[in-house]
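Trainee: Could you show me how to read a protein model, one feature at a time? I would like the general idea each time, and then the case in front of us.

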Amino acid sequence: MKRYLCSIIIGMVVILSIGTYYVKVASSASSLPKYTFKTLEGSDKELDPVIINATLQKGSNFYEPLTIESNTTTYASERSYLENLTGRQNQQIETLVKEHRSFMRGKDSISSIYEDDDFLAYARVNSEYTKSGNMDAEFDIGLLEKKDEEETSFQIELPNQGRIMNADVRDVQLVHSKLQVLTMNDVNSNNEKQTKEVHLYTIDVANKKVLSDKTLVSETFTDPNQVGFEMPIDIAPSQPNNIVFISVNKGVNHEDGFKEKIKESKLLSYNYETEKLETVKKGSLSLDMARSGYADGKNLYVVELNSGKYRVKTFDLSSQTLRNDTELDIAVNEEEQYTAAFKNGRVYFLLNEMNQEGKSNKPAKLLIADIKTGKTLYKGETVINKKNSKSFQLYFDDLEIK
């Protein structure tokens, strides 16, 4: 009897402790300002798919992540223990986990995912350094046939891993039943020279083997010279995509930081279907456009400042021609920083003004417009429900659309 009584007492203490914790959390969160968007123009229904991840800061001692979703503020301290343990996941990852929980277990990188109507594929490089200082690396491969929920998963050694220091998966495609994995690699050197490469691995999932390892780009340099590879922001990373752009940027390390020499840089395109790597001609797409652009597999969207207005240029990736040039109904402010997202024929434009100290007490603005016509579908600005909110600073991290 004493044993059961002891267990009951321990259980009650645990329950009371958890209850006390959540009461304190709720009390703490309730004292923080809530941010919502006040509609200035258009329909507030346009806000339903908008997710804004941000951070609230007060001085140097207070730091609290928050999410504004469907125009409602939720602080990290208001989420469940499990949600905070796993962290805030990419919206596309969350959707895939709900639809294919078994296959998605342990898979949290959207750049390693491919999905079409029939298949869901995954490719990641797992690596660790041995005592000898060499990298021991392997591909972690997964393929799900949606129709019958049949899963295939295996690990296979990364080719030529003895010369590779790091391999970062940047794109995964399924072409003619073969998995195409694009990586950016840092190559091991035995001298002062450094080498960076872009590789394309072709993997036969049925026979569980790597068919080929193709080096698309290779650049060797010596300090203080530097080389960097960049790709446009992929706004639909898991969707089928025939073309990828890679910008090769060369520069020199100075005392005041890395400076690019644009004249020594180039923009490349690779077509998975034709297997052709080409240098993009000047005049169709500039290097700056590709580096600062947003790609969805079919189009490249570029934001430009022109005559005091923001413009969105839409380029067709296959023909590399300008398809649309749209002016947005919002004025340019040099102190404003913008974050853009593109989905369902809309451009989502979030602007937040920052002074030289990185602070702003002015409302953030949100514009939602039709990409083709530029017609404003929604325009709003943040409002705060606390009188003492001026002592807080809100920093936007990213913008997602469901």
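Trainee: Let me start with a single residue: is Arg346 buried, partly exposed or exposed?

Mentor: Before the answer, a word on what you are looking at. This is a predicted model, in which local features need pLDDT of at least 70 and side-chain atom pairs count only at pLDDT 80 or more, while totals for chains, interfaces and linings use all residues. Residues are numbered from 1 along each chain as its sequence is written, and side-chain values use heavy atoms, with hydrogens and water left out. Now the terms: buried means under 20% relative accessible area, exposed means over 50%, and partly exposed is in between (1.4 Å probe, protein chains only). Arg346 has a relative accessible area of 25%, so it is partly exposed.

Trainee: Which residue does the side chain of Arg346 meet in a salt bridge?

Mentor: The general idea is that side chains of opposite charge can pair when their charged atoms come close. The rule used here asks for a side-chain nitrogen of Lys or Arg within 4 Å of a carboxyl oxygen of Asp or Glu. Arg346 forms such a salt bridge with Glu46, at 2.9 Å from N to O. This pair links distant parts of the chain, 300 residues apart: Glu46 is in the loop between β1 and β2, and Arg346 is in strand β24. Glu46 has 15% relative accessibility, so it counts as buried.

Trainee: How many salt bridges are there by this rule?

Mentor: The count comes to 16. One of them joins the side chains of Glu336 and Lys365, at 2.9 Å from N to O. Because Glu336 belongs to strand β23 and Lys365 to strand β25, this pair ties together parts that are 29 residues apart in sequence. Glu336 is buried at 10% relative accessibility, whereas Lys365 is partly exposed at 31%. Another salt bridge, with 3.1 Å from N to O, brings together Glu327 and Arg311. There is also a network of salt bridges that links Lys309, Asp329 and Lys379.

Trainee: You keep naming strands. In what order do the strands of the open sheet with β24 stand?

Mentor: Strands of a sheet pair through backbone hydrogen bonds, either parallel or antiparallel. As for the names, helices (H or I, at least four residues) and strands (E, at least two) are DSSP runs numbered from the N terminus. Two strands count as paired if DSSP finds at least two bridges between them. Here 5 strands form an open sheet in the order β1-β26-β25-β24-β23, with antiparallel pairing. β1 and β23 stand at the edges with a single partner strand each, so one side of each has no neighbour in the sheet.

Trainee: How many bridges join β23 to β24, and how many join β24 to β25?

Mentor: β23 and β24 pair over 8 bridges, and Gln337 has Asn352 in β24 as its bridge partner. These two strands form a hairpin with 2 residues between them, and Asn344 in the turn has a positive phi of about 55°. On its other pairing, β24 meets β25 over 6 bridges; there, Leu351 is matched with Lys365. Further along, 7 bridges join β1 to β26, with Tyr378 in β26 as the bridge partner of Gly42.

Trainee: Why is β24 described as largely enclosed?

Mentor: 7 of the 8 residues of β24 are buried, so this strand is largely enclosed by the rest of the structure.

Trainee: Let me try a helix. Which residues of α3 are buried?

Mentor: An α-helix has 3.6 residues a turn, so residues three or four places apart point the same way. In α3 (residues 91-99), the buried residues are Gln91, Ile93, Leu96 and Val97. They pack against β2, β5, β6 and β27, where contact means heavy atoms within 4.5 Å.

Trainee: And what does the buried residue Glu64 touch?

Mentor: Glu64 lies in strand β3 and has a relative accessible area of 12%, so it is buried. Leaving aside neighbours within four places in sequence, its contacts include Leu32, Ala54 and Tyr75.
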